[in-house]
Amino acid sequence: STSKAKSESATGALEITDATVLFDARAPFEYSVSHLNRAVNLRWDDFTQREKRFIGLLDLDLFAITRKLARLGIDPETTPVIVVGKGLRGQGEEGRVAWMLKYLGVKNVRFVNQDFFSLPISTDEAPPRENKPLWKPVLDETLIVGKHDFLKESVKPEVQRKVKVLD
């Protein structure tokens, strides 16, 4: 069965089929109150390092990440993934999860604000998906931006002096 979103994004209508994996990147409490049917709560920080100096950086064991994603039904070549978040009301959680998926080689990833959909809302846990075969990450290095490039392209000069970003 196929459900379509109620509106179109800049890159066209989103279609949700039985093959689509929905990840909800919001906080666990918000997810538990209500979420889209079949959505799985997946937090960015579940995939980051825990040492104080490196908190927020992607875990170095990329194979462990892809194993977990395979158990959640992700095949990097064939699985369409939609990551749902709070849009402008959030802190970019859905973008961070989508970035991680694209960085690891998942081909079909999009992210949207939950309000974008006209789908049934649920409080039930999503049923488990069929595991996919384990896969090796194929990194998209073009998604990595260094501190100096980021500051040069994204931040006004008067703010650059105040920003501390890891190289």
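In this predicted model, strand β3 runs parallel to β5 (residues 39-41), and the two are joined over three bridges. Within this pairing, Asp 24 of β3 has Asn 41 as its bridge partner in β5. A second parallel pairing links β3 with β6, this time over four bridges. Here Asp 24 stands opposite Val 84 in β6.

A look at the two faces of β3 is worthwhile. In a regular strand, side chains alternate between the two faces of the sheet. Both faces of β3 are covered: Val 21 and Phe 23 are buried on one side, while Leu 22 and Asp 24 are buried on the other.

Just along the chain comes Arg 26, placed in the loop between β3 (21-24) and α1 (28-33). With a relative accessibility of 8%, Arg 26 falls under the 20% limit and therefore counts as buried. Leaving aside neighbours within four places in sequence, Arg 26 is in contact with Tyr 31, Ser 34, His 35, Asn 41, Arg 43, Val 84, Gly 85, Lys 86 and Gln 114. Among these are Asn 41 and Val 84, the residues that bridge to Asp 24 in β5 and β6.

Another loop residue, Thr 79, sits between α2 (62-71) and β6 (81-85). Thr 79 is likewise buried, because its relative accessible area is 3%, under the 20% limit. A polar atom of its side chain lies 2.8 Å from the backbone nitrogen of Asp 75, and the backbone oxygen of Gly 73 is 3.4 Å from a polar side-chain atom of Thr 79. Beyond neighbours within four places in sequence, the contacts of Thr 79 include Ala 19, Val 21, Ile 74, Val 106, Asn 108 and Lys 132.

Terms used. Residues are numbered from 1 along each chain as its sequence is written. This is a predicted model: local features need pLDDT of at least 70, side-chain atom pairs count only at pLDDT 80 or more; totals for chains, interfaces and linings use all residues. Side-chain values use heavy atoms; hydrogens and water are left out. Buried means under 20% relative accessible area, exposed over 50%, partly exposed in between (1.4 Å probe, protein chains only). A polar contact is a pair of N or O atoms within 3.5 Å; within protein, one must be able to donate a hydrogen and the other to accept it, and residues adjacent in sequence count only if both atoms are side-chain atoms. Contact means heavy atoms within 4.5 Å. Two strands pair if DSSP finds at least two bridges between them.
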